[in-house]
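Reader: Please take a close look at one part of this model and describe its surroundings.

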Amino acid sequence: RGAIFSYDLNQDQPKPVMMQHDFTGDFNPHGISLFIGDQGVERLYVVNHFDGQHSIEVFQPADNSLIHLQTLQDPMMLSPNDIVAVGLNQFYFTNDHVYANGLMRIIEDYGRLKLANLIYYDGSSYKEAAAGFSYANGINVSPDGEKLYLTATTERILYVFKRDIPSGSLDLEAEIELGTGGDNIEIDAKGDIWIGAHPQLLKFVSHASDSSKLSPSQVLRIKQDSHGNFALEEIYLNNGKELS
C-alpha cells in the first residue's frame with residue numbers, strides 16, 4: 001500500500017510527513033498533480049494502480065490529510081503514468097504503453113514503438129489529445145496554461161505543444177532533443193522547464209528491480225527566449241552513487 005507525503009520547505013529541517021486519507025481502496029500512487037483554483041480551492045489528482053487496473057483518484061488537501069472526493073476510471077486508461085490538472089475538473093494524463101504485459105510490452109519498450117498517447121479529460125468525457133510516442137512519461141503545462149510539455153523517454157525527446165485552453169486541443173510546436181531519457185517535468189516561477197532524467201536507461205531498468213545496482217541521475221533546465229528558441233542546460237549529473 002502506497003502513500004502520499006507532504007514536505008514543508010519552510011521548516012529548517014523538513015522531513016516527509018505521511019498524509020492521512022479516507023480512501024479505502026487499494027492505493028499505489030504514481031503521477032500526481034495539484035491544481036489551485038482562483039478562490040484557493042485545491043484538488044490533488046493521483047494516478048493509482050491496483051490489481052492490473054488503473055484509476056485517477058481525486059482528493060482535497062486539508063493540512064496534512066487528504067479528503068477523497070472521487071474515483072475516475074475509463075477504458076482509455078491503458079497504462080497511465082503522469083498527470084497534469086488544468087482545472088478543478090480537467091486534466092491530461094500520459095499512457096506510457098499500449099500493451100499491459102507480456103511479449104508485446106517488451107517489444108514495445110525495446111523496439112521503441114511509438115504507440116503511447118496523451119489523453120484529455122474535459123470534466124465529462126475523455127479523448128486522445130496526441131499520439132505516436134515511445135514511452136510517453138512526464139507532462140506539465142506552462143504557467144499561463146498555453147503550452148503543454150511531454151517527455152517521450154525512450155525517444156529522448158521533449159515535445160512542446162501549443163494548447164487551446166477552451167477545448168484542450170493541442171498543436172505540436174517543437175521537438176527538443178534531450179540526448180537522455182527524460183522523466184518528470186516541473187515548471188518554475190519563471191516558466192523554465194526542469195526535467196529529471198535517466199542518461200543510461202538500461203541501468204535504470206536494472207536499478208528498478210535491484211536497488212543495489214546504481215543508475216545515473218541527471219537534471220536538465222530548458223529556457224525559451226523571446227524569439228521562441230529553446231536552450232538546454234545540464235544542471236546535475238551523477239553516476240548514481242549520490243542519487244540513483
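Author: What follows covers an acidic residue and then a surface patch. The model is predicted, so local features need pLDDT of at least 70 and side-chain atom pairs count only at pLDDT 80 or more, while totals for chains, interfaces and linings use all residues. Residues are numbered from 1 along each chain as its sequence is written, and side-chain values use heavy atoms, with hydrogens and water left out.

D96 sits in the loop between strand 9 (91-95) and helix 1; helices (H or I, at least four residues) and strands (E, at least two) are DSSP runs, numbered from the N terminus. D96 is buried and has no salt bridge. Buried means under 20% relative accessible area, exposed over 50%, and partly exposed in between (1.4 Å probe, protein chains only). A salt bridge is a side-chain nitrogen of Lys or Arg within 4 Å of a carboxyl oxygen of Asp or Glu. The nearest side chain of opposite charge is R105, 4.2 Å away; Lys and Arg count as positive, Asp and Glu as negative, and His and the chain ends are not counted.

The side chain of D96 does make polar contacts (N or O atoms within 3.5 Å, one able to donate a hydrogen and the other to accept it; residues adjacent in sequence count only if both atoms are side-chain atoms). One joins it to the side chain of N81 at 2.9 Å, another to that of H97 at 2.8 Å. Beyond neighbours within four places in sequence, D96 is in contact with residues including S79, E108 and Y135, contact meaning heavy atoms within 4.5 Å.

As for the patch, L78 lies in the loop between strand 7 (65-72) and strand 8 (80-85). L78 counts as partly exposed because its relative accessibility is 35%.
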